[in-house]
Amino acid sequence: MGAPWNQRAARRARRLERLAPLTRGREIAAADMVAALEAAIEPGDRVCLEGNNQKQADFLAESLADCSPERLHDLHMVQSVLALPSHIDVFERGIANRLDFSFSGPQANRLARLVQERRIAIGAIHTYLELFGRYFVDLTPDVCLIAAQAADADGNLYLGPNTEDTPAIVEATAFRHGIVVAQVNEKLARLPRVDIPADWTDAFVVAPRPNYIEPLFTRDPSLITEIQVLMAMMAIKGIYAEYGVQRLNHGIGFDTAAIELLLPTYAESLGLRGRICKHWALNPHPTLIPAIEAGFVESVHSFGSEVGMENYVAARSDVFFTGRDGSMRSNRAFCQTAGLYACDMFIGSTLQIDLAGNSSTATLGRIAGFGGAPNMGSDARGRRHASPAWLRAGRERAGDGIATRGQKLVVQTVETFREHMAPAFVERLDAWQLMEDMGMDLPPIMIHGDDVTHIVTEEGIANLLLCRSAAEREQAIRGVAGYTPVGRARDARMVENLRDRGVIRRPDDIGIDKRDATRDLLAARSIKDLVRASGGLYDPPRRFRNW
Amino acid sequence: MERFTLSLPSVPCTRADAAAALCGVVSSGNLEILVGRGGAADRCDIEVNTSAHGFRDTWEAVLTDAVARHAAGGLALAINDAGATPAVVSLRLDQALEALEDRA
């Protein structure tokens, strides 16, 4: 062990030695958790705290925040999501001061304040896949604090339906001589299945309460508007059907929930079952239930699970990925890879789009980050396999030139005004101001204009693949920007010309009568309808129940 | 609340006399449009009550286009808005005015 080539293993052995008095077998008592973290972690360590999109190692996060800043300080946190107050407490209490992450939605305000007070130094804001990549290159954790459903006495872990980031985190940490500590909801004599083998883990604690999981992908159909129905009709008839999109990912909002709920009704009436939407990289959205039941969907691979969908997923094992035990297996790293390389379309909403088609969800005073959208919503230039949708998009982009590659369809769907009359189309993204305020290298753009292929609004569809100049692109965007200042500043003649060429298509041009856009088209109009469509298998969280 | 009235040019509606009886009210959660008989046959009189301040020119643009798309002359529209977007306003107006045209 004295050789200079195995210092990391020696360092790991020292940490485990300090931890040993606090463990019984592999188990740490919840009451000893703060002391255990102070023993296992050293000042200056790079620590990965498992904060996912949904599943949170919340007990370990609170325990870390309760550690003494005299014992633990200058930590460098690497984590996907800052979702909980304790994730920020770690910085406010002087335990950590550096951060590399992906998404911080719920804590975006506090994070921005700490950056402005110079109490936190952000290395970079990543996409999920990018951050996972760096776990194996220059951001490998010294210690990771993860969340699992159950452990056995040996330290094998069962992750349950919400696998999410855990395998990527543990693999990077365990195989570079880091320390892997898990919080579990229960200790079992025999696990339903082993997701993380015991010799990749060092210790576990049975947390005082089950880990927090956010039902992030549940959209109540009763809140879907007729405008969203209209835009969903346009997307289905004007894009899904035209390109024959078989493999895709949907964003998280009501716009795409409307599309999911129109598949068994409107898309069915257009004869599209079996022709579109067969394979998905998608969390188990409750609003996808009617389309699954109608036979639209062949397969769904998921980043994580969704609260209440466990029994439905287990009962539809031909569609979802499930283990031998019957329960769901998700995996964010693989699903992001699937979204990047194996899907022909991403469609999602955003807050702001500029005249070049750059889109951003950044708003002033908040550092919200990116999550997975920039990865899903970008063309994978390394892709080589062809599909009809990909080839057609590539040919449209090439125009009269020769297409040597295809193109992923990246669709932004937005109503021209958001609530409180905030325009979705702007001359200048708030992201630029945020960059200046926060001293960032680049504006936090979610999806770059040169990756966006279509913009759908209530006014029409702009096909940016067919634009031949920056000026055309600008007018194509203005031409669907409605009554926003950007839309009203359009060159009407140029917009009509773009419409004649099919670059801009109005509902009339696609054969859609706006009067048909009613909520009656939704295959489910309430959460209760979704429960009924699932045959009672979907068990919505209490907050979504109103009966 | 902001309140203003507009009188915009429009093709005469052949059913203006019966408009109120035919159409009555088109409403959803955040928007209500009442259709009634107006003044001049080639104008559409519109009264807007809106919860959003400072968007009068946006309203004017939306309404000018809407009554230019349809035969709304001789009608009076009362619009009560509780936070509807221009997209919703346009869609509702189209629904209300097309319904009148269909019956003409």
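Biologist: Against which elements do the buried residues of helix 2 of chain A pack?

Modeller: Their partners in chain A are helix 1 (7-19), strand 2 (27-28), helix 3 (58-65), strand 7 (143-151), strand 9 (179-187) and strand 10 (203-206). This is a predicted model, in which local features need pLDDT of at least 70 and side-chain atom pairs count only at pLDDT 80 or more, while totals for chains, interfaces and linings use all residues. Residues are numbered from 1 along each chain as its sequence is written, and chains are lettered from A and ligands numbered from 1 in the order in which they are written.

Biologist: What makes helix 2 of chain A mostly covered?

Modeller: Six of the eight residues in helix 2 (residues 33-40) of chain A are buried, namely A:Met33, A:Ala36, A:Leu37, A:Glu38, A:Ala39 and A:Ala40. A residue is called buried if 20 or more other C-beta atoms, placed from the backbone, lie within 10 Å of its own (exposed: 12 or fewer; partly exposed: in between). The helix itself is a DSSP run (H or I, at least four residues; strands are E, at least two) numbered from the N terminus.

Biologist: Which residues have the most contacts inside the largest nonpolar core?

Modeller: They are A:Leu64, A:Leu145, A:Ile146, A:Ala148, A:Ala182, A:Ala235 and A:Leu262, in a core of 196 residues. Helix 8 (residues 226-243) of chain A gives the largest share, twelve residues. The name nonpolar core applies to buried Ala, Val, Leu, Ile, Met, Phe, Trp, Tyr and Cys residues joined through C-beta atoms within 7 Å.

Biologist: With which residues is A:Leu262 in contact, leaving aside neighbours within four places in sequence?

Modeller: A:Leu262 is in contact with A:Ala232, A:Met233, A:Ile236, A:Ala267, A:Leu521 and A:Leu522. Each of these pairs therefore has its C-beta atoms, placed from the backbone, within 7 Å.

Biologist: What makes strand 13 and strand 20 of chain A edge strands?

Modeller: The open sheet in chain A has eight strands in the order 13-12-11-14-17-18-19-20, with mixed pairing. Strand 13 (299-301) and strand 20 (504-505) each have a single partner strand, so one side of each is left without a neighbour in the sheet.

Biologist: How do you know that strand 18 and strand 19 of chain A pair?

Modeller: Pairing requires at least two bridges found by DSSP. Strand 18 (residues 454-457) and strand 19 (residues 460-463) of chain A have four, in the antiparallel sense, so the criterion of at least two is met. A:His454 stands opposite A:Asn463. Strand 17 of chain A is joined to strand 18 by three bridges and runs parallel to it; there, A:Thr413 has A:Val456 as its bridge partner.

Biologist: Which residues show that both faces of strand 18 of chain A are covered?

Modeller: A:His454 and A:Val456 are buried on one side, and A:Ile455 and A:Thr457 are buried on the other. Strand 18 is also among the strands that helix 8 of chain A lies across, and the buried residues of helix 16 of chain A pack against strand 18 too.

Biologist: How many residues does each domain of chain A give to their contact?

Modeller: An automatic or database assignment sets the domain bounds, giving domain 1 (12-206) and domain 2 (221-527). Domain 1 gives 29 residues and domain 2 gives 30. On the domain 1 side, helix 5 of chain A supplies the largest share, five residues.

Notes. Two residues are in contact if their C-beta atoms, placed from the backbone, lie within 7 Å. Axes are lines fitted to C-alpha atoms, for helices over the stretch in contact, and angles run from 0 to 180 degrees between N-to-C directions.
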